[in-house]
Amino acid sequence: MYYTYFLRCTDGSLYAGITTDPARRFAQHTGTRPGGAKYTASRHPVRMEAVWRTFDRASASRLEYCLKHLTKAEKEQLVLDNVLPDQPIFSQYKRITIEPNGRMIPMLFVCYPKCSTCKKAAAFLDSLNIPYETRHIKDENPTADELKAWHQKSGLPLKRFFNTSGQLYRSMELSKKLPDMPEDEQYALLASDGMLVKRPIVVGEDFVLVGFKQKEWEEKL
(Lines give C-alpha, C1' and ligand atoms only; values in the text may rest on other atoms or scores of the structure.)
Protein backbone atom coordinates (compact mmCIF):
# COMPACT_ATOMS: atom_id res chain seq x y z
CA MET A 1 0.00 0.00 0.00
CA TYR A 2 1.29 3.46 -0.93
CA TYR A 3 0.49 6.86 0.48
CA THR A 4 0.99 10.38 -0.80
CA TYR A 5 1.43 13.07 1.82
CA PHE A 6 1.83 16.74 2.62
CA LEU A 7 4.39 17.53 5.30
CA ARG A 8 4.30 20.93 7.05
CA CYS A 9 7.65 22.56 7.76
CA THR A 10 8.56 25.30 10.24
CA ASP A 11 8.76 27.89 7.46
CA GLY A 12 5.11 27.16 6.59
CA SER A 13 5.89 25.33 3.37
CA LEU A 14 4.26 22.04 2.38
CA TYR A 15 6.43 19.21 1.14
CA ALA A 16 4.83 16.47 -0.97
CA GLY A 17 6.12 12.92 -1.08
CA ILE A 18 5.17 9.24 -1.24
CA THR A 19 5.76 6.39 1.19
CA THR A 20 4.55 2.97 2.29
CA ASP A 21 4.62 4.04 5.95
CA PRO A 22 3.73 7.66 6.89
CA ALA A 23 5.01 7.33 10.47
CA ARG A 24 8.37 5.95 9.38
CA ARG A 25 8.70 8.61 6.69
CA PHE A 26 7.93 11.39 9.16
CA ALA A 27 10.67 10.06 11.44
CA GLN A 28 13.08 10.09 8.50
CA HIS A 29 12.20 13.66 7.58
CA THR A 30 12.64 14.85 11.16
CA GLY A 31 16.01 13.14 11.44
CA THR A 32 15.15 10.58 14.11
CA ARG A 33 15.69 7.89 11.49
CA PRO A 34 18.08 7.99 8.52
CA GLY A 35 16.77 8.59 5.01
CA GLY A 36 15.10 12.01 5.02
CA ALA A 37 14.97 14.44 2.09
CA LYS A 38 17.39 17.33 1.53
CA TYR A 39 14.47 19.80 1.43
CA THR A 40 13.17 18.84 4.86
CA ALA A 41 16.60 18.53 6.46
CA SER A 42 16.93 22.32 6.61
CA ARG A 43 13.29 23.19 7.19
CA HIS A 44 12.54 21.06 10.26
CA PRO A 45 9.16 19.38 9.62
CA VAL A 46 6.57 19.81 12.37
CA ARG A 47 3.70 17.53 11.33
CA MET A 48 2.10 15.41 8.65
CA GLU A 49 -0.58 17.75 7.31
CA ALA A 50 -2.49 15.37 5.02
CA VAL A 51 -2.16 11.79 3.80
CA TRP A 52 -3.97 10.05 0.94
CA ARG A 53 -4.13 6.29 0.42
CA THR A 54 -3.39 5.39 -3.20
CA PHE A 55 -3.64 2.27 -5.32
CA ASP A 56 0.00 1.61 -6.06
CA ARG A 57 3.35 3.36 -6.48
CA ALA A 58 2.41 4.72 -9.91
CA SER A 59 -0.81 6.35 -8.68
CA ALA A 60 1.01 7.67 -5.59
CA SER A 61 3.59 9.29 -7.86
CA ARG A 62 0.90 10.81 -10.09
CA LEU A 63 -0.80 12.34 -7.08
CA GLU A 64 2.54 13.61 -5.76
CA TYR A 65 3.19 15.29 -9.13
CA CYS A 66 -0.20 17.01 -8.98
CA LEU A 67 0.40 18.20 -5.42
CA LYS A 68 3.78 19.66 -6.28
CA HIS A 69 2.33 21.66 -9.17
CA LEU A 70 -0.41 23.35 -7.14
CA THR A 71 -0.05 26.97 -6.12
CA LYS A 72 0.53 27.76 -2.44
CA ALA A 73 -3.10 28.89 -2.11
CA GLU A 74 -4.37 25.69 -3.75
CA LYS A 75 -2.24 23.56 -1.43
CA GLU A 76 -3.64 25.29 1.62
CA GLN A 77 -7.20 24.95 0.31
CA LEU A 78 -6.66 21.25 -0.30
CA VAL A 79 -5.36 20.77 3.24
CA LEU A 80 -8.45 22.45 4.67
CA ASP A 81 -11.17 21.18 2.34
CA ASN A 82 -9.77 18.02 0.73
CA VAL A 83 -11.30 19.14 -2.58
CA LEU A 84 -10.39 21.42 -5.45
CA PRO A 85 -13.28 21.98 -7.89
CA ASP A 86 -11.01 22.34 -10.89
CA GLN A 87 -8.77 19.41 -9.92
CA PRO A 88 -11.01 16.29 -10.06
CA ILE A 89 -8.03 13.94 -9.71
CA PHE A 90 -8.09 14.36 -5.93
CA SER A 91 -11.53 12.77 -5.66
CA GLN A 92 -9.99 9.46 -6.78
CA TYR A 93 -8.01 9.06 -3.58
CA LYS A 94 -9.05 8.48 0.02
CA ARG A 95 -7.68 10.90 2.57
CA ILE A 96 -7.01 9.12 5.84
CA THR A 97 -6.97 10.34 9.43
CA ILE A 98 -3.52 10.55 10.97
CA GLU A 99 -1.73 11.90 14.00
CA PRO A 100 0.80 14.75 13.56
CA ASN A 101 3.69 12.24 13.58
CA GLY A 102 2.14 10.29 10.71
CA ARG A 103 0.78 7.43 12.79
CA MET A 104 -2.55 6.24 11.46
CA ILE A 105 -5.35 6.35 14.02
CA PRO A 106 -6.80 2.86 14.44
CA MET A 107 -10.51 2.33 13.93
CA LEU A 108 -12.66 0.20 16.20
CA PHE A 109 -13.55 -3.16 14.67
CA VAL A 110 -16.41 -4.81 16.58
CA CYS A 111 -16.81 -8.43 15.57
CA TYR A 112 -17.57 -12.03 16.50
CA PRO A 113 -14.29 -13.84 15.75
CA LYS A 114 -15.99 -17.11 14.73
CA CYS A 115 -18.20 -15.34 12.18
CA SER A 116 -17.12 -15.99 8.57
CA THR A 117 -18.28 -12.53 7.46
CA CYS A 118 -16.22 -10.92 10.21
CA LYS A 119 -13.19 -12.91 9.07
CA LYS A 120 -13.68 -11.63 5.50
CA ALA A 121 -14.03 -8.07 6.77
CA ALA A 122 -10.83 -8.36 8.84
CA ALA A 123 -8.96 -9.76 5.84
CA PHE A 124 -10.20 -6.82 3.76
CA LEU A 125 -8.95 -4.30 6.34
CA ASP A 126 -5.62 -6.12 6.50
CA SER A 127 -5.29 -6.05 2.71
CA LEU A 128 -5.50 -2.25 2.85
CA ASN A 129 -3.05 -2.05 5.75
CA ILE A 130 -5.70 -0.24 7.79
CA PRO A 131 -4.98 -0.22 11.55
CA TYR A 132 -7.82 -1.25 13.82
CA GLU A 133 -8.53 -2.38 17.35
CA THR A 134 -10.59 -5.57 17.63
CA ARG A 135 -13.43 -5.85 20.12
CA HIS A 136 -15.35 -9.08 20.74
CA ILE A 137 -19.04 -8.26 20.34
CA LYS A 138 -20.13 -10.99 22.76
CA ASP A 139 -17.50 -10.60 25.48
CA GLU A 140 -17.65 -6.78 25.42
CA ASN A 141 -20.99 -5.96 23.85
CA PRO A 142 -21.67 -2.31 22.96
CA THR A 143 -23.37 -0.15 25.57
CA ALA A 144 -26.65 1.66 24.93
CA ASP A 145 -24.81 5.00 24.82
CA GLU A 146 -22.29 3.67 22.29
CA LEU A 147 -25.04 2.24 20.12
CA LYS A 148 -26.92 5.52 20.16
CA ALA A 149 -23.80 7.44 19.13
CA TRP A 150 -22.94 4.92 16.40
CA HIS A 151 -26.49 4.94 15.10
CA GLN A 152 -26.52 8.73 14.82
CA LYS A 153 -23.12 8.79 13.14
CA SER A 154 -24.02 6.04 10.68
CA GLY A 155 -27.12 7.68 9.20
CA LEU A 156 -28.70 4.20 8.98
CA PRO A 157 -32.11 3.02 10.20
CA LEU A 158 -31.78 1.61 13.71
CA LYS A 159 -33.03 -1.78 12.49
CA ARG A 160 -29.77 -2.16 10.55
CA PHE A 161 -28.01 -2.59 13.90
CA PHE A 162 -29.99 -5.72 14.69
CA ASN A 163 -28.70 -9.15 13.73
CA THR A 164 -31.97 -10.08 12.02
CA SER A 165 -30.62 -13.46 10.88
CA GLY A 166 -29.59 -14.51 14.39
CA GLN A 167 -31.36 -17.13 16.45
CA LEU A 168 -31.90 -14.77 19.38
CA TYR A 169 -33.60 -12.18 17.18
CA ARG A 170 -35.97 -14.80 15.80
CA SER A 171 -36.69 -16.47 19.14
CA MET A 172 -37.64 -13.10 20.65
CA GLU A 173 -39.92 -12.39 17.67
CA LEU A 174 -38.37 -8.96 17.35
CA SER A 175 -39.60 -8.49 13.77
CA LYS A 176 -43.04 -8.02 15.31
CA LYS A 177 -41.98 -5.98 18.33
CA LEU A 178 -39.45 -3.47 16.93
CA PRO A 179 -41.86 -1.34 14.85
CA ASP A 180 -43.65 -0.20 18.03
CA MET A 181 -40.61 -0.10 20.32
CA PRO A 182 -39.14 3.33 21.27
CA GLU A 183 -35.52 3.88 20.21
CA ASP A 184 -34.21 4.09 23.78
CA GLU A 185 -35.68 0.65 24.47
CA GLN A 186 -34.11 -0.69 21.30
CA TYR A 187 -30.68 0.62 22.35
CA ALA A 188 -31.13 -1.04 25.77
CA LEU A 189 -32.19 -4.29 24.13
CA LEU A 190 -29.19 -4.33 21.80
CA ALA A 191 -26.90 -3.61 24.73
CA SER A 192 -28.32 -6.55 26.67
CA ASP A 193 -26.68 -9.16 24.44
CA GLY A 194 -24.01 -8.71 21.79
CA MET A 195 -25.50 -11.50 19.69
CA LEU A 196 -28.45 -9.25 18.94
CA VAL A 197 -26.12 -6.74 17.24
CA LYS A 198 -25.32 -6.86 13.55
CA ARG A 199 -21.69 -7.59 12.89
CA PRO A 200 -19.11 -6.51 12.02
CA ILE A 201 -19.18 -2.83 12.93
CA VAL A 202 -16.39 -0.42 12.03
CA VAL A 203 -16.27 2.88 13.90
CA GLY A 204 -14.16 5.60 12.32
CA GLU A 205 -13.69 9.23 13.23
CA ASP A 206 -16.62 10.45 11.15
CA PHE A 207 -18.42 7.30 9.99
CA VAL A 208 -19.80 3.95 11.10
CA LEU A 209 -20.16 0.86 8.90
CA VAL A 210 -22.53 -1.95 9.87
CA GLY A 211 -22.27 -5.35 8.20
CA PHE A 212 -19.65 -6.13 5.58
CA LYS A 213 -20.37 -4.98 2.05
CA GLN A 214 -17.05 -4.65 0.27
CA LYS A 215 -18.11 -1.96 -2.21
CA GLU A 216 -19.53 0.18 0.59
CA TRP A 217 -16.38 -0.29 2.65
CA GLU A 218 -14.15 0.56 -0.30
CA GLU A 219 -15.96 3.86 -0.74
CA LYS A 220 -15.60 4.80 2.94
CA LEU A 221 -12.16 3.43 3.68
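**Exercise 1. Determine where histidine 29 is found, whether it is buried or exposed, and which residues it is in contact with.**

Solution. Histidine 29 is found in helix 1, where helices (H or I, at least four residues) and strands (E, at least two) are DSSP runs, numbered from the N terminus. This is a predicted model, in which local features need pLDDT of at least 70 and side-chain atom pairs count only at pLDDT 80 or more, while totals for chains, interfaces and linings use all residues. Residues are numbered from 1 along each chain as its sequence is written, and side-chain values use heavy atoms, with hydrogens and water left out.

The next step is accessibility: histidine 29 has a relative accessibility of 3% and therefore counts as buried (buried means under 20% relative accessible area, exposed over 50%, partly exposed in between, with a 1.4 Å probe and protein chains only). The last step is the list of contacts (heavy atoms within 4.5 Å): leaving aside neighbours within four places in sequence, histidine 29 is in contact with Tyr5, Leu7, Tyr15, Gly36, Ala37, Thr40 and Pro45.

**Exercise 2. Carry out the same analysis for glutamine 28.**

Solution. Glutamine 28 is also assigned to helix 1, which covers residues 22-30. With a relative accessibility of 15%, glutamine 28 counts as buried. Once residues up to four places away in sequence are not counted, glutamine 28 touches Arg33, Pro34, Gly35 and Gly36.

**Exercise 3. Describe the surroundings of isoleucine 18.**

Solution. Isoleucine 18 lies in strand 2, and its relative accessibility of 16% is the reason that it counts as buried. Not counting residues up to four places away in sequence, isoleucine 18 touches Tyr3, Thr4, Tyr5, Arg25, Arg57, Ala60, Ser61 and Glu64. For lysine 72, the separation from isoleucine 18 is 54 residues in sequence and 19 Å in space, C-alpha to C-alpha.

**Exercise 4. Find the aromatic pairs and characterise the one formed by tyrosine 15 and tyrosine 39.**

Solution. A search of the whole structure gives eight aromatic pairs, under the rule that rings of Phe, Tyr and Trp (its six-membered ring) pair if their centres lie within 6.5 Å, with planes under 30 degrees apart counted as stacked, over 60 as edge-to-face and the rest as tilted. Tyrosine 15 and tyrosine 39 are stacked, at 5.6 Å centre to centre and with 25 degrees between the planes. This pair links distant parts of the chain, since tyrosine 15 is in strand 2 (residues 14-19) and tyrosine 39 is in helix 2 (residues 38-41), 24 residues apart.

The two partners are then placed by accessibility: tyrosine 15 is buried, with a relative accessible area of 17%, whereas tyrosine 39, at 30% relative accessibility, counts as partly exposed. By contrast, the rings of phenylalanine 212 and tryptophan 217 have centres 4.8 Å apart and planes at 85 degrees, so that pair is edge-to-face; both phenylalanine 212 and tryptophan 217 are buried.

Ring pairs also link Tyr5, Tyr15 and Tyr39 into a cluster. In addition, the charged end of arginine 43 sits over the ring of tyrosine 39, 3.8 Å from its centre (NZ of Lys or CZ of Arg within 6 Å of the ring centre and within 35 degrees of the ring normal).

**Exercise 5. Work out how strand 5 is covered and how it pairs with strand 6 and strand 7.**

Solution. Strand 5 (residues 107-111) is mostly covered, four of its five residues being buried. Two strands pair if DSSP finds at least two bridges between them. Strand 5 pairs with strand 6 (residues 132-136) in the parallel sense over five bridges, and tyrosine 132 in strand 6 is the bridge partner of methionine 107. Strand 5 and strand 7 (residues 201-203) run antiparallel and are joined by three bridges, with valine 203 in strand 7 as the bridge partner of leucine 108.

**Exercise 6. Establish how many disulfides the structure holds, and why cysteine 115 is not bonded to cysteine 118.**

Solution. The structure holds zero disulfides, a disulfide being a pair of cysteine sulfur atoms within 2.5 Å. The cysteine sulfur closest to that of cysteine 115 belongs to cysteine 118 and is 3.6 Å away, which is too far for a bond. Cysteine 115 is buried, with a relative accessible area of 13%, and cysteine 118 likewise counts as buried, at 2% relative accessibility.
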